[in-house]
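User: I'm new to reading protein models, and I would like a close look at just one part of this one. Could you pick a part, walk me around it, and show me how it fits with what surrounds it?

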Amino acid sequence: MPTPLAPSALLSDRVAAAVARGDGVVALESSVFAQGLAMPANRQAATRMLAAVEAAGATPAVTAVARGVPRVGLDPDDLERFLQRTGVRKVSTRDLPVCM
């Protein structure tokens, strides 16, 4: 089960475990995959970025507001939803109160 980072944010299990061990975690902005690159380039970029972080010995953590909750590290289903752009919208800080 995801770990609360703050009252309204969750760490994925994988990210929480890395933090608990004191391992490096690299945040990756979901906008790059969900809005910034056309499909299928977004999936290719995501695959390369996640692999590069892991190759450097850190844990990748895609950040997003998913299903109304700010998350640090997406589960595979949410990452797939962002890559497919299914029900995904660009969110800025001004939108957070409405999205959460």
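Analyst: Let's settle two words before anything else: a helix here is a DSSP run of H or I with at least four residues, a strand is a run of E with at least two, and both are numbered from the N terminus. Please also keep in mind that this is a predicted model.

With those words you can read the layout. The protein has five helices and five strands, and along the sequence they come in the pattern β-β-α-β-α-α-β-β-α-α. Of its 100 residues, 35% count as buried. The part I would pick is α4, which runs over residues 76-84.

Let's begin with the inward side. Which residues of α4 are buried? They are D78, L79, F82 and L83. Around the helix axis they cover an arc of only 140 degrees, so they sit on the same side of α4. A rule of thumb makes this easier to picture: an α-helix has 3.6 residues a turn, so residues three or four places apart point the same way. Now turn to the face directed away from that buried side, and you meet the exposed residues P76 and D77.

What do the buried residues of α4 pack against? Their partners are α2, α3, β4 and β5, the last of these being residues 69-72. Two residues of α4, L79 and F82, also stand out in the largest nonpolar core: among its 15 residues, they join F33, V62 and L74 as the ones that touch the most other members. This core draws at least two residues from each of α2 (31-36), α3 (41-55), β4 (59-66) and α4. Apart from it lies another core of five residues, including L11, V15, A16 and V72. Such groupings fit a broader habit: in soluble globular proteins, nonpolar side chains tend to be buried together.

To see the largest core from a neighbour's side, look at V62. Leaving out residues up to four places away in sequence, V62 touches L28, S30, F33, L50, R71, V72, G73, L74 and L79. L79 of α4 is therefore one of the contacts of V62, as well as one of the buried residues of α4.

Next, look at the two ends of the helix. The N-terminal end of α4 is capped by D75, which places a side-chain oxygen 3.1 Å from the backbone nitrogen of D77. After α4 comes R85, whose phi is positive, near 65 degrees.

D78 deserves a second look, since a charged partner meets it. The side chains of R67 and D78 form a salt bridge, with 2.5 Å from N to O. This pair links distant parts of the chain: R67 sits in the loop between β4 and β5, D78 in helix α4, and eleven residues separate them. Are the two partners buried or exposed? R67 is exposed, because its relative accessible area is 57% and exposed means over 50%. D78 has 2% relative accessibility and so counts as buried, the cut-off being under 20%.

R67 has a further partner in D75, the residue that caps α4, through a salt bridge of 3.8 Å from N to O. D75 itself is partly exposed, with a relative accessible area of 34%. Through R67 and D78, whose side chains meet at 2.5 Å, we come to a wider arrangement: salt bridges that share partners join R67, D75, D78 and R81 into one network. The whole structure holds six salt bridges.

For a comparison, try reading another helix in the same way. In α1, residues 13-21, the buried residues are V15, A16 and A18. Their arc around the axis is only 160 degrees, which puts them on the same side of α1, while A20 and R21 are exposed on the other side. Just after α1, G22 takes a positive phi of about 85 degrees.

To put the picture of α4 together: D78, L79, F82 and L83 are its buried residues, D75 caps its N-terminal end, and D78 meets R67 in a salt bridge.

Conventions
Residues numbered from 1 in each chain as written. Predicted model: local features only at pLDDT ≥ 70, side-chain atom pairs only at ≥ 80, totals over all residues. Heavy atoms only, no water. Core = buried A, V, L, I, M, F, W, Y, C linked by side-chain atoms within 4.5 Å. Buried < 20%, exposed > 50% of the residue type's maximum accessible area, 1.4 Å probe, protein only. Contact = heavy atoms within 4.5 Å. Arc of directions from axis to C-beta. Polar contact = N/O pair within 3.5 Å; in protein donor to acceptor, adjacent residues only side chain to side chain. Salt bridge = Lys/Arg side-chain N within 4 Å of Asp/Glu carboxyl O.
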